[in-house]
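Visitor: I'd like a close look at one part of this model, and then a walk outward from there. Could you take me through it slowly?

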Amino acid sequence: MTAREKILPVLTILAALLALWYAAAVFLNAPFERDTAARAGTTITFSEILPRTMAQARPVLPAPHQVLAELWDTTINKPVTSKRSLVYHAWITLSATLVGFGLGTLLGITLAVGTVHNRAMDRSLMPWIIASQTIPILAIAPMIIVVLNAIGISGLLPKALISTYLSFFPIAVGMVKGLRSPEQIQLDLMRTYNASSSQLFWKLRWPASMPYLFTSLKVAVAIALVGAIVGELPTGAVAGLGARLLAGSYYGQTVQIWSALFMAAGLAAVLVLIVGAAHSAVLRRMGARP
Amino acid sequence: MGTAFAMPQMIPDAASPSTRSVVSARDLGLTFKTDDGPVTALTGVNLDVRKGDFVSFIGPSGCGKTTFLRVIADLEKPTSGTITVNGTTPQDARKNRSYGYVFQAAALYPWRTIEENIALPLEIMGYGAADRQARIERTLALVNLSGFGKKFPWQLSGGMQQRASIARALAFDADLLLMDEPFGALDEIVRDHLNEQLLELWARTEKTICFVTHSIPEAVYLSTRIVVMSPRPGRITDVIESTLPRERPLDIRETPEFLEIASRVRDGLRAGHSYDE
């Protein structure tokens, strides 16, 4: 496949999405311009409305270039230490995401190892793990923040723990499957060598589970970010992408909301790409077919 | 050490097998419990495998030949009778790492190179790094895979993968080699070639080999003894001592002597089949 064949479909879709977005922006923002004109007692033509729908301060749906301009302004034009800098807010959220993701990975792997090696855990744990994910995170997030705050823990850790709460799940489920993926013949082989259970784990179960681990990590890192943002929403956090979203919606700053959303999406994409790169690097070292 | 008293104890048994027998089964039976009721996989099996023998187990599927091999390897527990391997229980024999097992599939770990796969039992058994390297090179040469050590399993053909798995079973010092239809999935030409190599390897290493197969020519070509088994319930119907010389070129399969042994094996298999269906 040539570069042109790869890029062309992507660009086509992108152009179609942009066209759709502009059309929607015009359609959604036009009533405000008509109302304004009507209140002023003037009539207004469509050719006059068109440019104004893309330049409102608080549009229903900001046009793409408005969001891009806001993104540019709040990332490049502001020092990263400024509270108006989106990079600053993104870093606040990212740090909670990474701590939560790290803890979630450890917790998920620990639970999976326990489930695979301990019959009692195998029988009793999985229903609880699944039940934990049926509780809406928006309902439990304020409880976590309030309870932890009451015992003197505040700041980054409560948000990180909400990330942990979400991200341990795919890792636990994926790793249980991964650690159980060796075939009977491979297990029999280890038995003929009279391998100890730690040898069985490190030389067979662990390497066999790697593809499952990385697939889970990709899902987990994205929802860890969601967890951190959700953790910022109900608590009146003053910094972070969640706080930006909340402040934007208080003051009807739709451009600010959309730019925070794009920042979050970009952040998630970068995180998933990094995990994906680690995935292929590890699999290549493990002799995967190119 | 080395006094007469420190000799391994004899098996206190009326039908005491020769001290040189590597595997000795007396009235061995194994019944699996399944959802459809008990299934008798083996019954009344009496057999001695002598040191240096090449014993083939042949029979239709369900005759218990693989099950018997797995009992020797302590991968299944017999439900009646007794069995000793190297004079001890199969469990102790397994714990002493006294056999190498070659499965139907190569079962190489895909994330390890061929070298690392051969190193696997050596790592587990605690061989030093220098010793490991020497053994890897020696066994790779033994199965004609020198120069392929750095390849990953998927880069090798099926026959080469199975040879690598034989090298893995030869890498540590086990005098007994248990092989469960190792060439069953390979085509005829590759199989002939590997059979020839296996005989050569057996002559060179002087191991005792138990070999499960369902190919009559393969069994006759390779074995010093052929154990014919039949299903429902799995049992031994005939044990044939081969009269062929140890030196066996491939075209020995055209000789009248070979064909005579083959026809006796075929008769044994047919007799086992006569009273079902």
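Visitor: Let's start with one helix in chain A, α10, and then go over to chain B. Which residues of α10(A) are buried, and what do they pack against?

Guide: Happy to, and keep in mind throughout that this is a predicted model. Helix α10 of chain A spans residues 241–250. Its buried residues are A:Leu241, A:Gly242, A:Ala243, A:Arg244, A:Leu245 and A:Leu246. Those buried residues pack against three helices of chain A: α4, α9 (197–232) and α11 (254–285).

Let's zoom in on α4, which covers residues 86–117 of chain A. The axes of α4(A) and α10(A) lie 7 Å apart, and the two helices pack at an angle of about 125°. An angle over 115 but not over 145 degrees counts as oblique, so that is the word for how α4(A) sits relative to α10(A). As for who touches whom, α4(A) brings A:His89, A:Ala90 and A:Thr93, while α10(A) brings A:Leu241, A:Gly242, A:Ala243 and A:Arg244. Sorted by class, this helix-to-helix contact has three nonpolar, three polar and one charged residues. A:Arg244 turns up in both lists: it is among the buried residues of α10(A), and it is also one of the residues that meet α4(A). Follow the chain just past α10(A) and you'll find A:Gly252, with a positive phi of about 65°.

Now over to chain B, by way of the contact between the two chains. Chain A puts 15 residues into that contact and chain B puts in 18. On the chain B side, the elements that give two or more residues are α2 (90–95) and α3 (114–124). Of these, α3(B) gives the most, with three residues. The class count for this side of chain B is 14 nonpolar, one polar and three charged residues.

Chain B itself is split into two domains: domain 1 takes in 38–98 + 176–272, and domain 2 runs over 109–173. Their centres, taken over C-alpha atoms, are 25 Å apart. Where the domains touch, 11 residues of domain 1 of chain B contact 11 residues of domain 2 of chain B. On the domain 1 side, helix α6 of chain B (residues 188–205) gives the most, with five residues. That domain 1 side has eight nonpolar, two polar and one charged residues.

There's also a small piece of sheet to look at in chain B. Three strands form an open sheet in the order β2-β1-β4, paired antiparallel. β2 (37–50) and β4 (80–85) of chain B are the edge strands; each has a single partner, so one side of each lacks a neighbour in the sheet. From one strand to the next, the twist averages 20°. Strand β1 of chain B (residues 21–34) is joined to β4(B) by five bridges. If you want a pair to click on, B:Arg26 stands opposite B:Thr82 in β4(B).

Last stop is helix α1 of chain B, residues 65–72, which is mostly covered, with eight of its eight residues buried. The buried set includes B:Phe68, B:Leu69, B:Val71 and B:Ile72, but also B:Lys65 and B:Arg70. Just after α1(B), B:Asp74 takes a positive phi of about 65°.

Methods
Residues numbered from 1 in each chain as written. Chains lettered and ligands numbered in written order. Predicted model: local features only at pLDDT ≥ 70, side-chain atom pairs only at ≥ 80, totals over all residues. Contact = placed C-beta atoms within 7 Å. Helix = DSSP H or I, 4+ residues; strand = E, 2+ residues; numbered from the N terminus. Nonpolar A, V, L, I, M, F, W, Y, C, P; charged D, E, K, R; others polar. Domains from an automatic or database assignment. Axes fitted to C-alpha atoms, helices over the stretch in contact; angles between N-to-C directions. Parallel < 35°, antiparallel > 145°, perpendicular 65-115°, else oblique. Pairing = 2+ DSSP bridges. Buried ≥ 20, exposed ≤ 12 C-beta atoms within 10 Å, placed from the backbone.
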